[in-house]
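The following paragraphs lead through one structure, starting from a single side chain and working outward. Please keep the sequence and the coordinates in view while reading.

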Amino acid sequence: MLKMKITIYELLGLVKDGKAPKKIKFMSSIWEYCKDGIIQDYINDYDRCLMEFIAINKDGLNDEVEIIEEPK
C-alpha cells in the first residue's frame with residue numbers, strides 16, 4: 001500500500017480536476033471518496049462527510065491528509 005501526505009487545499013484541487021484519490025486517512029479515520037450527483041465528498045465508517053470536519057480557513061486548508069492507494 002502506497003502512502004503520500006498532501007494538504008486539504010491540494011486535495012480539493014485534485015477533486016476539482018477529477019483526480020480525487022479513492023481513499024484518504026484524516027483524523028485517524030479512513031475516508032472513501034463518494035460522488036453522488038452533485039455531491040462530491042469523502043465519507044468515513046460513521047457516514048460522516050469530510051467537509052463537516054474541515055475548518056474553511058487558512059489553517060484548516062493546511063491540515064494534512066494521507067492518500068492511501070492500492071498498488072497497481
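Tyr42 has a relative accessible area of 1% in this predicted model, and because the limit for burial is under 20%, Tyr42 counts as buried. Its aromatic partner is Tyr33: the two rings form a tilted pair, 5.2 Å from centre to centre, with 55 degrees between the planes. A search of the whole structure finds one aromatic pair. Tyr33 has a relative accessible area of 25% and is therefore partly exposed, whereas Tyr42 is buried.

Tyr42 also belongs to the largest nonpolar core, which comprises twelve residues: Ile6, Ile8, Leu11, Val15, Ile24, Phe26, Trp31, Tyr42, Leu50, Ile54, Val65 and Ile67. Helix H1 (8-16), strand E2 (23-26) and strand E5 (64-69) are the elements that each contribute two or more residues to this core. The most, three residues, come from H1.

Another member of this core is Trp31. Leaving aside residues up to four places away in sequence, Trp31 touches Lys22, Lys23, Ile24, Lys25 and Phe26, together with Tyr42, Ile43 and Asn44, and also Arg48, Cys49, Leu50 and Phe53. Among these contacts, Ile24, Phe26, Tyr42 and Leu50 are likewise listed in the core.

The strand pairing can be followed next. Strand E3 (residues 29-36) pairs with E2 in the antiparallel sense over four bridges, and Phe26 has Ser29 of E3 as its bridge partner. These two strands form a hairpin with two residues between them. One residue of that turn is Met27, whose phi is positive at about 55 degrees although Met27 is not a glycine. Met27 thus lies in the loop between E2 and E3.

On its other pairing, E3 meets strand E4 (residues 39-43), again in the antiparallel sense, here over five bridges. Asp36 stands opposite Ile39 of E4. E3 and E4 also form a hairpin with two residues between them, and Gly37 in the turn has a positive phi of about 70 degrees. In a regular strand, side chains alternate between the two faces of the sheet.

Beyond E4, the loop that leads to helix H2 (58-61) contains Asp47. Asp47 is not a glycine, yet it has a positive phi of about 60 degrees. Is Asp47 buried or exposed? Its relative accessibility is 63%, and because exposed means over 50%, Asp47 counts as exposed.

The whole chain can now be considered. The protein chain has two helices and five strands, and from the N terminus on its elements run β-α-β-β-β-α-β. Of its 72 residues, 28% are buried. Among contacts between residues at least 6 apart in sequence, 54% join residues at least 24 apart. The accessible surface comes to about 5400 Å², and carbon and sulfur atoms account for 52% of this area.

Confidence in the prediction remains to be described. The mean pLDDT of the protein chain is 86, and 88% of its residues reach 70 or more. Among the elements, E2 has the highest mean pLDDT, 94, and H2 the lowest, 74. Where pLDDT is low, the predicted coordinates should not be read in detail.

Key: Residues are numbered from 1 along each chain as its sequence is written. This is a predicted model: local features need pLDDT of at least 70, side-chain atom pairs count only at pLDDT 80 or more; totals for chains, interfaces and linings use all residues. Side-chain values use heavy atoms; hydrogens and water are left out. A nonpolar core is a set of buried Ala, Val, Leu, Ile, Met, Phe, Trp, Tyr and Cys residues joined through side-chain atoms within 4.5 Å. Buried means under 20% relative accessible area, exposed over 50%, partly exposed in between (1.4 Å probe, protein chains only). Contact means heavy atoms within 4.5 Å. Two strands pair if DSSP finds at least two bridges between them. Accessible areas come from the Shrake-Rupley method with a 1.4 Å probe; for residues, only the protein chains shown count as cover. pLDDT is the predictor's confidence in each residue, from 0 to 100. Rings of Phe, Tyr and Trp (its six-membered ring) pair if their centres lie within 6.5 Å; planes under 30 degrees apart count as stacked, over 60 as edge-to-face and the rest as tilted.
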